[in-house]
Amino acid sequence: MSDVLNRLAELLEQRKQADPQTSYVAKLYAKGTDSILKKIGEEAAETIIAAKDGDADKIIYETADLWFHCLVMLSHAGLKPEQVLQELARREGLSGLEEKAARKD
């Protein structure tokens with residue numbers, strides 16, 4: 001699974017050098033963080049609606065869109081999907097309630 005994420009991360013890095021007129025991702029990068037975050041919000045809402053409707057194919061499709069745009073955000077911020085996977089691995093086996101209580105914020 002992380003192979004797919006790593007390949008996408010590499011492609012997203014390459015798109016930083018692409019022409020925004022010919023690359024959707026380059027266009028998102030050129031518009032900046034606010035536009036990327038707006039797109040994540042839109043995709044999150046579509047994912048929620050798909051889940052509410054209960055259509056498995058739509059849930060998968062919209063979740064893929066959401067994850068993709070989250071990867072764009074990570075790349076724009078200079079972060080890698082591997083860092084998120086490491087955080088998930090760190091949390092593995094922890095009680096969600098304990099993890100939340102241990103947060104500094």
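**The largest cavity of this predicted model holds about 40 Å³ of space.** A search of the whole structure turns up 1 cavity of 30 Å³ or more. On a 1 Å grid over the protein atoms alone, a cavity is a set of points where a 1.4 Å probe fits but cannot get out. Volumes are the space filled by probe spheres set on the points, which are joined across faces, edges and corners. Look for A9, L12, E13, L71, L74, S75, L79, K80 and P81, which line the largest cavity (an atom within 4 Å of a point). Two elements, helix 1 (2–15) and helix 4, each give two or more residues to this lining. The lining of the largest cavity comprises 6 nonpolar, 1 polar and 2 charged residues. Here Ala, Val, Leu, Ile, Met, Phe, Trp, Tyr, Cys and Pro count as nonpolar, Asp, Glu, Lys and Arg as charged, and the others, Gly among them, as polar.

Because the model is predicted, local features need pLDDT of at least 70 and side-chain atom pairs count only at pLDDT 80 or more, while totals for chains, interfaces and linings use all residues. Residues are numbered from 1 along each chain as its sequence is written, and side-chain values use heavy atoms, with hydrogens and water left out.

**The largest pocket encloses about 270 Å³ of space.** A pocket is an open set of grid points with protein on both sides within 12 Å along at least five of seven lines. Of the 11 residues lining the largest pocket, L5, W67, L71, V84 and L85 lie nearest its centre. Helix 4 and helix 5 (81–91) are the elements giving two or more residues to the lining. With 5 residues, helix 4 gives the most to the lining of the largest pocket. This lining has 11 nonpolar residues, no polar ones and no charged ones.

**Stepping back to the whole fold, the protein contains 6 helices and 0 strands.** Helices (H or I, at least four residues) and strands (E, at least two) are DSSP runs, numbered from the N terminus. Starting at the N terminus, the order of elements is α-α-α-α-α-α. The C-alpha trace spans about 45 × 35 × 30 Å along its principal axes.

**Helix 3 (residues 33–53) and helix 4 approach within 8 Å between axes and cross at roughly 160 degrees.** Axes are lines fitted to C-alpha atoms, for helices over the stretch in contact, and angles run from 0 to 180 degrees between N-to-C directions. Helix 3 and helix 4 are therefore roughly antiparallel (over 145 degrees). Helix 3 crosses helix 4 in a left-handed sense (the near helix is turned anticlockwise from the far one by less than a right angle; clockwise is right-handed). Among the contacting residues (heavy atoms within 4.5 Å) are I36, I40 and A44 of helix 3 and I59, L66 and C70 of helix 4. By class, the contact has 11 nonpolar, 5 polar and 6 charged residues.

**Helix 2 (residues 24–31) crosses helix 4 (residues 56–76) at roughly 55 degrees, with the axes coming within 11 Å.** That angle makes helix 2 oblique to helix 4 (not under 35, over 145 or from 65 to 115 degrees). The crossing of helix 2 and helix 4 is right-handed. Y24, V25, L28 and Y29 of helix 2 meet F68, H69, V72, S75 and H76 of helix 4. This contact has 6 nonpolar, 3 polar and no charged residues.

**Helix 1 packs with helix 5 at an angle of about 145 degrees, their axes 9 Å apart.** S2, L5, N6 and A9 of helix 1 make the contact with P81, E82 and L85 of helix 5. Sorted by class, the contact has 4 nonpolar, 2 polar and 1 charged residues.
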